[in-house]
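Fresh page, fresh structure. I want to walk through the fold with you and jot down what I look up as I go.

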Amino acid sequence: MLTTELRGWFTGRLPDGVYDEIVDVVVDREEITVVGRIKEPKTAEGASDEEKAAAYEGRASEFRERTREDRMAVARQAERRFDRKVSWGVEVGGERHMFTTVSAPVMTRLRQPERAVLDLLVSGGVARSRSDALGWCVKLVQQHSSEWLDELQESLVNVEKVRAKGPGGPSSSAS
């Protein structure tokens with residue numbers, strides 16, 4: 001399922017007023033994450049950054065509680081239709097607030113030097129477990145390699161387009 005199709009499905013399926021607009025739909029094998037923008041709360045003129053951050057957090061929390069039933073009804077339909085869990089988030093005041101998201105187990109084999117790195121992060125108190133340490137490492141790669149990761153993602157989209165044009169793809173149907 002293409003992200004644009006999912007964005008369209010959620011845009012059409014969510015009741016009016018849940019989000020001002022859907023700004024991001026991300027999909028992988030286990031999860032669909034939908035993030036929408038909502039109106040910023042009105043703060044006093046000259047409000048500090050701390051006050052604004054608290055207002056944004058409060059608005060996100062209020063949104064989560066107020067829209068829970070609508071979002072969960074749509075999530076149940078999407079989970080049946082797309083065979084993936086649905087997670088939600090909101091953007092307010094340029095800040096993203098994520099609600100419950102899927103934490104999927106990932107099996108991996110690591111050699112002793114890689115395990116030693118994870119164990120060092122645990123021993124140093126940076127992570128609670130090897131799993132937590134591995135997640136920390138992935139986040140670090142995301143932060144420091146985002147441009148490269150974006151380029152890789154774009155190239156994969158192009159690969160899918162080329163595959164679709166090839167033998168057995170949708171555009172190769174017999175006339």
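**Entry 1: the long helix, inside and out**

I am working from a predicted model, so I keep that in mind throughout. My first stop was helix H2, where I asked which residues are buried. The list I got is Ala55, Tyr56, Ala60, Phe63, Thr67, Arg71, Val74, Ala75, Ala78 and Phe82. I was glad to see where Arg71 falls, since this arginine is among the buried residues of H2. Next I looked for what covers these positions, and the cover includes H1, S2, S3 and S4.

**Entry 2: is H2 straight or bent?**

I then checked the length of H2. With 34 residues, a straight helix would span 50 Å at 1.5 Å a residue, yet the end C-alpha atoms of H2 span only 40 Å. Where does H2 bend? I found a bend of about 60 degrees at Arg68.

**Entry 3: just past the end of H2**

Following the chain onward, I came to Asp83, which follows H2 and has a positive phi, near 55 degrees. I made a note of this one, as Asp83 takes that positive phi although it is not a glycine. Asp83 sits in the loop between H2 and S3. Is Asp83 buried or exposed? Its relative accessible area is 67%, so I have it down as exposed.

**Entry 4: the sheet**

Time for the strands. I traced an open sheet of 4 strands in the order S1-S2-S3-S4, and its pairing is mixed. S1 (21–27) and S4 (95–98) are the edge strands, each with a single partner strand, so one side of each has no neighbour in the sheet. I also looked up the twist: on average, neighbouring strands are turned by 25 degrees against each other, direction ignored.

**Entry 5: S1 with S2**

How many bridges join S1 to S2? I found 6, and the two strands run antiparallel. A hairpin makes the connection from S1 to S2, through 3 residues. Within this pair, Val25 stands opposite Val34 in S2.

I lingered on Thr33, which is also in strand S2. Thr33 has 14% relative accessibility, and therefore counts as buried. Leaving aside its neighbours within four places in sequence, I listed the contacts of Thr33 as Asp24, Val25, Val26, Ser87 and Met98.

**Entry 6: S3 with S4**

At the other end of the sheet order, S3 (residues 85–92) and S4 run antiparallel and are joined by 4 bridges. One partnership I wrote down is Glu91 with Arg96, the latter in S4. Coming back to H2 (residues 49–82), I see that this helix packs on the sheet and touches S2, S3 and S4, with its direction at about 155 degrees to that of S3.

The hairpin of S3 and S4 has 2 residues between the strands, and Gly93 there takes a positive phi near 60 degrees. Gly94 is in the loop between S3 and S4 too. At 72% relative accessibility, Gly94 counts as exposed. I also looked for a partner far along the chain: Gly94 and Arg37 are 57 residues apart in sequence, with 8.9 Å between their C-alpha atoms.

**Entry 7: helix H1**

What does H1 lie across? I traced H1 (residues 3–13) across S1, S2 (31–37) and S3, and its run makes about 135 degrees with S1. From this helix I picked Thr11 for a closer look. Its relative accessibility is 48%, so Thr11 counts as partly exposed. In space, Thr11 is 7.0 Å from Ile22, C-alpha to C-alpha, with 11 residues separating the two in sequence.

**Entry 8: aromatic rings**

Last search of the day: how many aromatic pairs are there in the whole structure? The search gave 5. For Trp9 and Phe10, I have ring centres 5.0 Å apart and planes at 85 degrees, so this pair is edge-to-face. Trp9 and Phe10 are both buried. Ring pairs also tie Trp9, Phe10, Phe82 and Trp88 into a cluster. Phe82 was already in my first entry, as one of the buried residues of H2.

Methods: Residues are numbered from 1 along each chain as its sequence is written. This is a predicted model: local features need pLDDT of at least 70, side-chain atom pairs count only at pLDDT 80 or more; totals for chains, interfaces and linings use all residues. Side-chain values use heavy atoms; hydrogens and water are left out. Two strands pair if DSSP finds at least two bridges between them. Axes are lines fitted to C-alpha atoms, for helices over the stretch in contact, and angles run from 0 to 180 degrees between N-to-C directions. Contact means heavy atoms within 4.5 Å. The expected span of a helix is 1.5 Å times one less than its number of residues. The bend at a residue is the angle between axes fitted to the seven residues ending there and the seven starting there. Buried means under 20% relative accessible area, exposed over 50%, partly exposed in between (1.4 Å probe, protein chains only). Rings of Phe, Tyr and Trp (its six-membered ring) pair if their centres lie within 6.5 Å; planes under 30 degrees apart count as stacked, over 60 as edge-to-face and the rest as tilted.
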